[in-house]
2 protein chains.
Amino acid sequence: MDSTTTRPDQEPRPLRADARRNRARLLDEARVAFGERGTEASLDEIARRAGVGIGTLYRHFPTRDDLVESLISGEVQRLGTLSASLAEADDPFDALRTWLQALVRHACAFRGLAESLVTAAGGEGRLAMACHDTESAGQVLFERAQRSGHVRPDASTQDVVDLACSIAWITERSERDLGEGDRLLDLALDGLRAQQ
Amino acid sequence: MDSTTTRPDQEPRPLRADARRNRARLLDEARVAFGERGTEASLDEIARRAGVGIGTLYRHFPTRDDLVESLISGEVQRLGTLSASLAEADDPFDALRTWLQALVRHACAFRGLAESLVTAAGGEGRLAMACHDTESAGQVLFERAQRSGHVRPDASTQDVVDLACSIAWITERSERDLGEGDRLLDLALDGLRAQQ
DNA sequence: ACCTGAACACCGTTCAAGT
DNA sequence: ACCTGAACACCGTTCAAGT
């Protein structure tokens with residue numbers, strides 16, 4: 001169900017050569033800065049390191065979240081692709097688990113990302129749309145698993161996406177490494193009870 | 001290795017009358033401000049509303065987390081009491097669940113609290129000690145439940161406390177009400193799988 | 001012993017002037 | 001069409017001066 005035709009996506013509208021170069025530099029430096037300091041990195045420093053006035057940063061990325069969105073848009077698409085490729089998997093529950101694991105890892109990409117995602121999700125910007133797309137990708141797998149009776153009927157896509165984001169958040173915040181994120185996710189999916 | 005003798009705890013050391021009044025006013029206004037704007041509320045505004053110079057705020061509460069700690073210390077104690085009162089409960093798993101529920105509600109008391117707790121936990125300040133005390137309270141219930149075979153042997157106290165904090169965080173961030181926090185916690189404790 | 005608030009540093013955001 | 005950077009607003013934190 002990927003409509004490559006309709007994509008109301010940003011057609012990146014031809015930019016003047018210098019503008020395009022500036023945009024690329026800003027993204028490069030933002031990637032570095034977010035990697036080092038998380039999503040709260042100083043915008044001023046990003047602009048300075050990119051050799052660009054702060055006004056230019058704001059022109060290309062009116063909000064911090066727009067910058068975040070541009071950095072993760074590739075990953076968001078990959079989560080869509082992954083969902084599609086899991087949609088016919090033998091075990092619907094495991095398919096969902098695999099996708100949620102990928103979501104957790106995605107939301108751990110840099111410090112503050114899980115927070116940005118969850119906060120943006122309620123809003124209206126480009127990042128909110130990215131969140132919406134991500135949730136839609138998960139929904140396919142979730143509903144299949146639920147229809148097939150492998151998932152509690154009282155749970156929702158939103159529940160598991162939120163759980164994944166909050167696990168990403170705690171993984172990043174406490175100093176667990178990424179493998180610990182997987183463990184916590186398994187814990188939440190399988191439950192705390194000992195199987196007897 | 002707990003040296004109950006050394007407790008470098010704050011004995012609240014007699015304050016001059018005006019200092020005590022200022023401290024109380026600061027706490028009152030901080031409670032209001034944190035309630036309205038979360039733990040990131042402006043310290044300047046708290047001091048102003050308390051009718052006190054900003055320096056006085058810093059004298060009483062050298063860090064923002066010290067302010068947070070003073071606001072929640074009562075709740076932290078109550079979590080300890082609750083743990084003690086659940087320590088002999090018939091169903092060890094349910095006892096743990098009840099306590100974790102209380103922890104989730106506690107960490108939802110105001111916006112940003114879950115974040116402050118998790119961030120502080122790694123550090124050294126008074127808030128870190130409060131986190132440590134809280135975890136100890138949970139540990140009693142957790143280990144009992146685990147020893148009795150009701151809890152997976154590969155899970156840890158830290159796992160469930162972290163899960164509770166992250167569920168508090170997501171509950172507060174997305175605009176779920178508190179009951180939703182309980183639901184998410186149940187989901188994580190019981191697992192996503194349909195019981196068949 | 002405690003309080004005050006000016007001073008400093010840092011950051012986000014806007015906008016008039018420039019090319 | 002795009003860029004620049006000064007200007008403004010806001011906040012945290014320290015510290016010299018005061019009582």
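**Reading a DNA surface and a buried alanine**

Leaving out neighbours within four places in sequence, A:Ala168 touches A:Val104, A:Ala107, A:Cys108 and A:Ala114. Keep in mind that this is a predicted model.

Q: Where does A:Ala168 sit in chain A?
A: Start with the helix list. A:Ala168 belongs to helix α8 of chain A, residues 157-173.

Q: Is A:Ala168 buried or exposed?
A: Check the relative accessible area: buried means under 20%. A:Ala168 comes out at 0%, so it counts as buried.

Q: How far apart are A:Ala168 and A:Thr134 in sequence and in space?
A: Look at both kinds of distance. They are 34 residues apart along the chain, and their C-alpha atoms are 15 Å apart.

Q: Okay, now the DNA. How many residues surround DNA strand C?
A: Count the residues near the strand. Here there are 20, and the closest are A:Tyr58, A:Arg64, B:Asn22, B:Gly53 and B:Thr56. By type, the group splits into eight nonpolar, seven polar and five charged.

Q: Which helix gives the largest share of that surface?
A: That's α3(B), with five residues. Helices supplying at least two residues each are α2 (43-49) and α3 (54-60) of chain A, plus α1 (17-37) and α3 (54-60) of chain B.

Q: Which parts of DNA strand C lie within 4 Å of the protein?
A: Sort the DNA atoms by where they belong. Sugar or phosphate accounts for 67% of them, and bases make up the rest.

Q: What lies 2.7 Å from a phosphate oxygen of DNA strand C?
A: A polar backbone atom of B:Gly53. For A:Leu43, a backbone N or O atom is 3.0 Å from a phosphate oxygen of the strand. With B:His60, a polar side-chain atom lies 3.3 Å from one.

Note on methods: Residues are numbered from 1 along each chain as its sequence is written. Chains are lettered from A and ligands numbered from 1 in the order in which they are written. This is a predicted model: local features need pLDDT of at least 70, side-chain atom pairs count only at pLDDT 80 or more; totals for chains, interfaces and linings use all residues. Side-chain values use heavy atoms; hydrogens and water are left out. A residue is near a molecule or strand if one of its heavy atoms lies within 4 Å of it. A polar contact is a pair of N or O atoms within 3.5 Å; within protein, one must be able to donate a hydrogen and the other to accept it, and residues adjacent in sequence count only if both atoms are side-chain atoms. Helices (H or I, at least four residues) and strands (E, at least two) are DSSP runs, numbered from the N terminus. Ala, Val, Leu, Ile, Met, Phe, Trp, Tyr, Cys and Pro count as nonpolar, Asp, Glu, Lys and Arg as charged, and the others, Gly among them, as polar. Buried means under 20% relative accessible area, exposed over 50%, partly exposed in between (1.4 Å probe, protein chains only). Contact means heavy atoms within 4.5 Å.
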